[in-house]
Structures are given as C-alpha cells and as structure tokens.
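Biologist: Could you take a close look at one aromatic side chain in this model and the ring group around it, and then follow the contacts outward from there? Please keep it connected.

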Amino acid sequence: MSGESDLRKLLSGMRPELNEGRYAFCTLPGETRPPAGLAPVATVREPEGLTLVLRQEEADAAGLPYDHTAGWITLRIHSALDAVGLTGAFAAELAAHGLSCNVIAGYHHDHLFVAADRAAEAVSVLEELATRSAE
C-alpha cells in the first residue's frame, strides 16, 4: 500500500494527533542492549550508541538518564516514504512559532516529538497549517 505523495494533500490531511504521555530520549553507549522489559516507541543505532525513545515513566523506572521530555504527535495521514516537502513544511511552520521538532518516519505515518510543555500548542499550529493548505 503506497502512501500519499502530493504535498498539498499531505498538509491538508495530516490530522495531527497528540499521543498520551511524555517521552524521553535516552542513549545507551556502544553496543549496549536495552534493559529487559522496555517497550520503546523507537530505537536508532548510531556509532555513539543506541537511542531509545520511550515513555518517561519507563525511563525513570529503568534508571535511564535523559535531559529532554517530549510530547509525541502522530500525523494521521499515510505519507509516502519518498514524499517531498512535508517535513520541511511542518518544520518551518513549527520553527516560526519557536517550536523545535524531532521527526521519526514510520512506514505509514510521520511522528513528531516536541517539547512536552508545548505539545498542545504544536498540535494547534499544525491544525492551522492543515486548514490553510486546504484552501
């Protein structure tokens, strides 16, 4: 099943949804494996180590350090992995409102991690962008 690649349709139909909870970005050095029982939302293997994105409560319970908590927003449109312009468009809009954003692309959806205390504001900014893009 291929996703949408038309930028206007992607923006107007993105339907940002704020997932419940706060999320932490943690890192484990080198080839360290994550503690048993964790259920990360995402992992990324880098030369410096393994990044885990997981619920803040899980990070705390496992004793994993972090210095940033994020709200997790899912764009509910099925975007094509080779779509051009979506990330740039929403990142520019969020930046114009002083909102930083970390993006992880899944097969079906894009997932945005923004400062936890500004997550609801970020959703509003994205909904406003979607409305403008539909006109």
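Modeller: In this predicted model, Phe25 has a relative accessibility of 25% and counts as partly exposed, because that value lies between the 20% limit for buried and the 50% limit for exposed. Phe25 belongs to a cluster in which ring pairs link Tyr23, Phe25, Trp72 and Phe113. The structure holds four aromatic pairs. One of them joins Tyr23 and Phe113: the ring centres are 6.3 Å apart and the planes meet at 70°, which is over the 60 degrees required, so the pair is edge-to-face. Tyr23 sits in strand β2 (residues 23-29) and Phe113 in strand β7 (residues 110-115), so this pair links distant parts of the chain, 90 residues apart.

Are the two partners of that pair buried or exposed? Tyr23 is buried, because its relative accessible area is 3%, under the limit of 20%. Phe113 is buried as well, with a relative accessible area of 1%. Phe113 also forms an aromatic pair with Phe25, again edge-to-face, with 5.5 Å from centre to centre and 90° between the planes. This second pair likewise links distant parts of the chain, since Phe25 is in strand β2 and Phe113 in strand β7, 88 residues apart. Phe113 is thus a partner of Tyr23 and of Phe25.

Next comes the strand that carries Tyr23 and Phe25. Strand β2 is joined to β4 by seven bridges, and the two run antiparallel. Within that pairing, Tyr23 stands opposite Arg55 in β4. Strand β2 is also joined to β5, by two bridges, and here too the strands run antiparallel. The bridge partner of Ala24 in β5 is Thr69.

On the β4 side, Leu50 lies in that strand, which covers residues 49-55. Leu50 is buried, because its relative accessible area of 7% is under 20%. Leaving aside neighbours within four places in sequence, Leu50 is in contact with Cys26, Thr27, Leu28, Gly30, Thr32, Pro34, Thr43, Val44 and Arg45. For Gly30, which is 20 residues away along the chain, the C-alpha to C-alpha separation from Leu50 is 7.0 Å.

On the β7 side, Leu112 leads into the nonpolar interior. The largest nonpolar core has 19 residues, and Leu112 is among those with the most contacts inside it, together with Met14, Ile73, Leu75, Phe90, Leu94 and Leu126. The elements that give two or more residues to this core are α1 (7-12), β5 (69-75), α3 (86-96), β7 and α4. Helix α4 supplies the largest share, seven residues. Beyond four places in sequence, Leu112 is in contact with Gly71, Trp72, Ile73, Leu75, Phe90, Leu94, Cys101, Asn102 and Leu126. Trp72, a member of the ring cluster, is therefore also a contact of Leu112, because the two have heavy atoms within 4.5 Å. A second, separate core has nine residues, including Leu50, Leu52, Leu54 and Leu64. In soluble globular proteins, nonpolar side chains tend to be buried together.

Two of the contacts of Leu112, Phe90 and Leu94, lie in helix α3, where Leu86, Phe90, Glu93 and Leu94 are buried. Viewed down the axis of α3, the buried residues fall within an arc of 95°, so they line one face of the helix. They pack against α1, β5, β6 (102-105), β7 and α4. On the other side of α3, Ala95 and Ala96 are exposed. The helix is followed by Gly98, whose phi is positive, near 70°.

Helix α4 (residues 119-134) also contains Ser133. Ser133 is buried, since its relative accessible area is 13%, under 20%. Not counting residues up to four places away in sequence, Ser133 touches Arg8, Leu11 and Ser12.

The loop between α1 and β1 (16-18) contains Arg15. Arg15 has a positive phi of about 40° although it is not a glycine. Arg15 counts as exposed, because its relative accessibility of 52% is over 50%.

To return to the starting point, Phe25 is partly exposed, whereas its ring partner Phe113 is buried.

How values were computed
Residues numbered from 1 in each chain as written. Predicted model: local features only at pLDDT ≥ 70, side-chain atom pairs only at ≥ 80, totals over all residues. Heavy atoms only, no water. Helix = DSSP H or I, 4+ residues; strand = E, 2+ residues; numbered from the N terminus. Buried < 20%, exposed > 50% of the residue type's maximum accessible area, 1.4 Å probe, protein only. Phe/Tyr/Trp six-rings, centres within 6.5 Å; stacked < 30°, edge-to-face > 60°. Core = buried A, V, L, I, M, F, W, Y, C linked by side-chain atoms within 4.5 Å. Pairing = 2+ DSSP bridges. Arc of directions from axis to C-beta.
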